[in-house]
Amino acid sequence: MQFEFTPRNCWEVYNSAKDKRKIEDLAARYLNFLSRCKTERETTDYVCQILRQAGFGEDPKGSKILRPLQGKAVFAARRGRKNPGQGAHLIFAHTDTPRLDLKQRPLQEQSSVGQAKTHYYGGIRKYQWFARPLALHGVIVKENGESLTLALGEKPGEPVFTIADLLPHLAAKQMDQPLRAAFEAEKMNLVLGHRPLEAPSRQRRKKEDESKDKIKAGLLNLLHERYGLVEEDLYSAELQAVPAGPALEVGLDSSLIGGFGQDDRVNVFLALEALTQSLAQEPPHTQILVFLDKEEIGSEGSTGAKSRFFEYCMQELLRHWSPETPLADLMLNSRGLSADVHPASDPDWPDLHEKLNAALLGYGPCFCKFTGSRGKYEANDAHAEYVAWLRGLLNKAGIPWQMAELGKVDQGGGGTVAMHFAKYGMNIIDFGPTVLSMHSPFELTSKADLYATCLAFKTFLNAG
Ligand code: MN
Ligand code: MN
């Protein structure tokens, strides 16, 4: 009998030929998902498409219900054998990712370059976004309600966009500035083009306009020719600049996956996989997936975790499945996972983690009993009884897991959506795979962690 707890490396646990094949199959599906879903809308579309194929639908009386909201958030529930009053097993994850949004009036021309002004969304490190190929994703809604969906800069051979960086020769002053001051948000302008409007089209412009902003005029002309747009249409648009190109395998051994938006699309993908792989058997408890928007900016708005959307969906579920069950019974008896990524111990910054309570890449999904900052402020502190039940569940299934804090105490901090659902009285804890380069345009995860996390989600959803 061993008394000491030793975390296990997933690569060493899942080393049979069968496991290795399953790890690669899952990673291949994930690479495809991650390359395709770079916005909350694209992610929600993907989720709805997969769930509709699996028999989920709008019929509230059906046993598999699907409720998308504004194309950015989605609630999906599958009825279990037990009465809903005995509680559901829920996985929460978020669809949004830190990025650069286009401003509502984006177009400008400076020094013979046509640009789109941006306004960053969520916690980015600004310097990571300069001098790299970017794509433009989003929707533009016209006055008549017609909506145009764009994903420009992704197809091979298609032009990309970029934010020009300062040359080192003229960066002497910037080099001495603190990081916070050296990269200004108002200088994060996306290069859109630089060809002036051609002469025949110029003749349609008024004489006094002739001398100014010919490049911006050229861009507007192009937008009109290609998409029938006028400048005002951009005011009712949601356009995001995101890293261009597909997610990739990383390392000589192809053991890692690199790509944009793994926080938190990795958990959206894995929870969805876990649910769809479980459809053959009737589960004991009702299984629910809730994918929300706006986590990165405080869970606000109608599609964020602080909205009443989740509550409305739970009320509707009871109305059709078990009208005599009080909402409080369902909520108080439910078990939740706030499925979000956890920072992996950084090989170059080990001093920022407290070794005993740090997570390692490849050692499986990580429990974080509490998040928050300083003296556990704004933390959902999961109950010890719930942690015990969960570790028992994973141990019985032989799935590696680890227990960690975000970093050293007083070194920073952060939060997830856990507290917004804990307020309903359910048991909930933060749980998910670890990530290196978190919140960067190229985040890293371990293929073996993805596999272990998917197994953990399946075990949780189907637990008695
Ligand atoms: Mn997250
Ligand atoms: Mn985040």
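1. Contacts of Glu273. In this predicted model, Glu273 touches Leu26, Arg29 and Cys454, its neighbours within four places in sequence being left aside. Glu273 belongs to helix α8, which covers residues 262-276. With a relative accessibility of 10%, Glu273 falls in the buried class, because the cut-off for that class is under 20%.

2. Polar partners of Glu273. Two side-chain contacts should be noted. One joins the side chain of Glu273 to that of Arg29 at 2.8 Å. The other joins the side chains of Glu273 and Gln277 at 2.6 Å. Arg29 thus appears both as a polar partner of Glu273 and in the list of residues in contact with Glu273.

3. Manganese ion (ligand 2). The protein donors here are Asp263 (OD), Glu296 (OE), Glu296 (OE) and His439 (NE2), at 2.1 to 2.6 Å. The sequence spacing of the donor residues is D-x32-E-x142-H. Asp263 and His439 bring together distant parts of the chain: Asp263 sits in helix α8, His439 in the loop between β20 (434-435) and β21 (443-446), and 176 residues separate the pair.

4. Manganese ion (ligand 1). This ion is coordinated by His94 (NE2), Asp263 (OD), Asp340 (OD) and Asp340 (OD), lying 2.1 to 2.5 Å from it. Here the donor residues follow the spacing H-x168-D-x76-D. His94, in strand β3 (residues 88-94), and Asp340, in the loop between β13 (335-339) and β14 (342-343), are 246 residues apart and link distant parts of the chain. Both His94 and Asp340 are buried.

5. The bridge. Which residue bridges the manganese ion (ligand 1) and the manganese ion (ligand 2)? Asp263 does, and the two ions lie 3.4 Å apart. Asp263 has a relative accessible area of 2% and is therefore buried. Helix α8 accordingly carries both this bridging residue and Glu273.

6. Nonpolar core. The largest nonpolar core contains 56 residues, and Ile91, Leu337 and Phe457 have the most contacts inside it. Its main contributor is helix α13 (residues 447-461), which gives nine residues. Beyond its neighbours within four places in sequence, Phe457 is in contact with Ile91, Asn267, Leu270, Ala271, Ala274, Leu337, Ala339 and Phe431. Ile91 and Leu337 are thus among the contacts of Phe457.

7. Cysteines. How many disulfides does the structure hold? It holds zero. Cys313 is in no disulfide, and the nearest cysteine sulfur, in Cys48, is 12 Å away. The relative accessible area of Cys313 is 4%, so this residue is buried. For Cys366, the closest cysteine sulfur is that of Cys368 at 6.3 Å, which is too far for a bond because a disulfide requires sulfur atoms within 2.5 Å. Cys366 is buried as well, with a relative accessible area of 1%.

8. Helix α7. This helix (residues 214-227) has 14 residues. From first C-alpha to last it reaches 20 Å, close to the 20 Å expected at 1.5 Å a residue. Its buried residues are Ile215, Lys216, Ala217, Gly218, Leu219 and Asn221. Just after α7 comes Gly228, with a positive phi of about 70°.

Technical notes
Residues numbered from 1 in each chain as written. Chains lettered and ligands numbered in written order. Predicted model: local features only at pLDDT ≥ 70, side-chain atom pairs only at ≥ 80, totals over all residues. Heavy atoms only, no water. Helix = DSSP H or I, 4+ residues; strand = E, 2+ residues; numbered from the N terminus. Buried < 20%, exposed > 50% of the residue type's maximum accessible area, 1.4 Å probe, protein only. Polar contact = N/O pair within 3.5 Å; in protein donor to acceptor, adjacent residues only side chain to side chain. Contact = heavy atoms within 4.5 Å. Donors = N, O, S within 2.8 Å, 3.2 Å for Na, K, Ca; no water. Core = buried A, V, L, I, M, F, W, Y, C linked by side-chain atoms within 4.5 Å. Expected span 1.5 Å × (residues − 1).
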